[in-house]
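This briefing sets out the backbone, packing and cysteine geometry of one chain. The sequence and the coordinates come next, followed by the notes.

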Amino acid sequence: MLSVEEARQQMLDTIPVLPTEKLGILDCAGYVLAEALHATENIPPFDNSAMDGFALRSADVQQASKENPVALSVVETIAAGYEPEKHVSSRQTSRIMTGAMMPNGADAVVMQEMTELIGDEVKIFESVEKNENVRFTGESVQQGDCVMSPGKVLRPPEISMLASLNCAEVTVHQKPTVAIVSTGDELTPIGQPLTPGKIRDSNRYGIYAQVQSAGGIPVDMGIAPDDEVETEHIFREALTKADALITSGGVSVGEHDVVKNVLTKLGKMNFWRVAMKPGKPQVYGFIDGKPIFGLPGNPVSSLVVFELFVRPALLKMAGHTDLLRPTFKAVLATDVTNRDGRVNYMRAILTKQNGEFIAKTTGPQGSGILHSLVLANGLITIPAGATLHVGETVEAQFLH
Ligand code: AMP
Ligand code: MG
């Protein structure tokens, strides 16, 4: 059986990155840039003041102090957005606002708090160096600079930068559209009465939310009954609407596990089992070039397998290169035993105390006990066959 790392590597090596599309600046948050962006303009586009104050010649105020202020005559006031009209000569100054264009002749700005304006004269109480409080043309970005490379995730700062560069549209990787199907005759959707033997379909809703939070676009395809013909019909239809398919249930060895037969008929599956708990039975493969993720039916297994496998895969499809959540060491606050021959991803509450992370498991860890995940903010990795005691360290990761 493949280890988690082997299976995930096999999967990530084969996951395709989706083609690109052009999007408007207001629609591209969270997308991954697919082009290099070069600045067509300088930022800032002109020398300007970093302060409200007085633009002057630094040489004029070399000796200025609280006790010996230097008086200068004010020739104009320059507001942000307007071009200065006057040249600043020796013993002169222009009142200037933050972001306003520096006037010719001036080489520094003294901030308003260090001055006193009386009529058309101002007393300067402080000396300044040449260039002080001036922001220079192109000091943030120079025309021609490569400001962002392909692979850059477009967060709010990047979007602000695009606007600064007069860039209304960008080429990004498409986000994956992901069809979601629950399988099983026992499943009842929200809103319908539970009859004997039936349970609520919870996976479809949880997976839907997981797809959204991984940046994908979910498409709800409902519940497929344990019937091969109907399941095949729903899977085929799902694949006409999406770039990938996620199913849950029907991938273990039960005799009604029709999912296995249908997937094998429709495409090529790469693996069926991974040495992990929860989530040993799971499928990864392709139908017509589209990735198929068959998650286990048990609610905890389904959510955990999504987190460890499907989330990074969807990120890769969308063009991301940073795919896995960071892991770190945490100190156990409870004894844990993993009698199994497979690594166990236990659900835990991770808190920071005195500079280190503490991990406390969230009660019973059965793969059907969804509450163990509701209470958790992370997973801890317990190696196969390990018994670990309070104070020992484990590998941990957050679930958000
Ligand atoms: P299966 O692999 O289909 O035999 O499912 C394993 C367990 O998960 C069974 O107890 C199923 O009833 C349960 N299960 C399967 N699909 C879902 C679902 N969508 N929501 C909640 N439980 C499910
Ligand atoms: Mg089933």
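A disulfide is counted where two cysteine sulfur atoms lie within 2.5 Å of each other. The model described here is predicted. The chain has 400 residues, of which 46% count as buried, and its secondary structure consists of seven helices and 28 strands.

**Cysteines**
- A search of the whole structure for disulfides finds zero.
- The closest cysteine sulfur to that of Cys28 belongs to Cys167, and at 8.6 Å it is too far for a bond.
- Seen from the other side, Cys167 is in no disulfide either, and its nearest cysteine sulfur is that of Cys28, 8.6 Å away.
- Because its relative accessible area is 0%, Cys28 counts as buried.
- Cys167 also counts as buried, with a relative accessible area of 16%; the cut-off for this class is under 20%.

**Overall dimensions**
- The radius of gyration of the chain is 31 Å, whereas a compact globule of 400 residues would have one near 21 Å.
- The C-alpha trace spans about 95 × 50 × 40 Å along the principal axes of the chain.
- About 19,200 Å² of the chain is exposed, and carbon and sulfur atoms supply 51% of that area.
- Among contacts in the chain with a separation of 6 or more, 69% come from residues 24 or more positions apart.

**The six-stranded sheet**
- An open sheet is built from six strands in the order S7-S4-S6-S5-S9-S8, with mixed pairing.
- Its edges are strand S7 (108-111) and strand S8 (115-118), each of which pairs on one side only.
- On average, and with direction ignored, neighbouring strands of this sheet are turned by 35° against each other.
- Edge strand S8 pairs with strand S9 (residues 121-124) in the antiparallel sense, over four bridges.
- Glu116 stands opposite Lys123 of S9.

**A buried threonine**
- Thr247 is part of strand S17, which covers residues 244-248.
- Thr247 is buried, its relative accessible area being 0%.
- Leaving out residues up to four places away in sequence, Thr247 touches Val181, Phe235, Val259, Phe293, Gly294 and Leu295.

**Backbone exceptions**
- Most peptide bonds are trans, and most residues other than glycine have a negative phi.
- The peptide bond from Ile43 to Pro44 is cis, with omega near -10°.
- Pro44 belongs to the loop between strand S2 (37-38) and strand S3 (48-49).
- Lys277 and Pro278 are likewise joined by a cis peptide bond, with omega about -5°.
- Pro278 sits in the loop between strand S19 (276-277) and strand S20 (281-287).
- Arg91, a residue other than glycine, has a positive phi near 70°.
- The loop that holds Arg91 runs between strand S5 (70-78) and strand S6 (92-96), and Arg91 is partly exposed there, at a relative accessible area of 47%.
- Asn133 also has a positive phi, near 60°, and lies in the loop between S9 and strand S10 (134-135).

Notes: Residues are numbered from 1 along each chain as its sequence is written. Chains are lettered from A and ligands numbered from 1 in the order in which they are written. This is a predicted model: local features need pLDDT of at least 70, side-chain atom pairs count only at pLDDT 80 or more; totals for chains, interfaces and linings use all residues. Side-chain values use heavy atoms; hydrogens and water are left out. Two strands pair if DSSP finds at least two bridges between them. Helices (H or I, at least four residues) and strands (E, at least two) are DSSP runs, numbered from the N terminus. Axes are lines fitted to C-alpha atoms, for helices over the stretch in contact, and angles run from 0 to 180 degrees between N-to-C directions. The radius of gyration is taken over C-alpha atoms; the globule rule is 2.2 Å times the number of residues to the power 0.38. Buried means under 20% relative accessible area, exposed over 50%, partly exposed in between (1.4 Å probe, protein chains only). Contact means heavy atoms within 4.5 Å. Accessible areas come from the Shrake-Rupley method with a 1.4 Å probe; for residues, only the protein chains shown count as cover.
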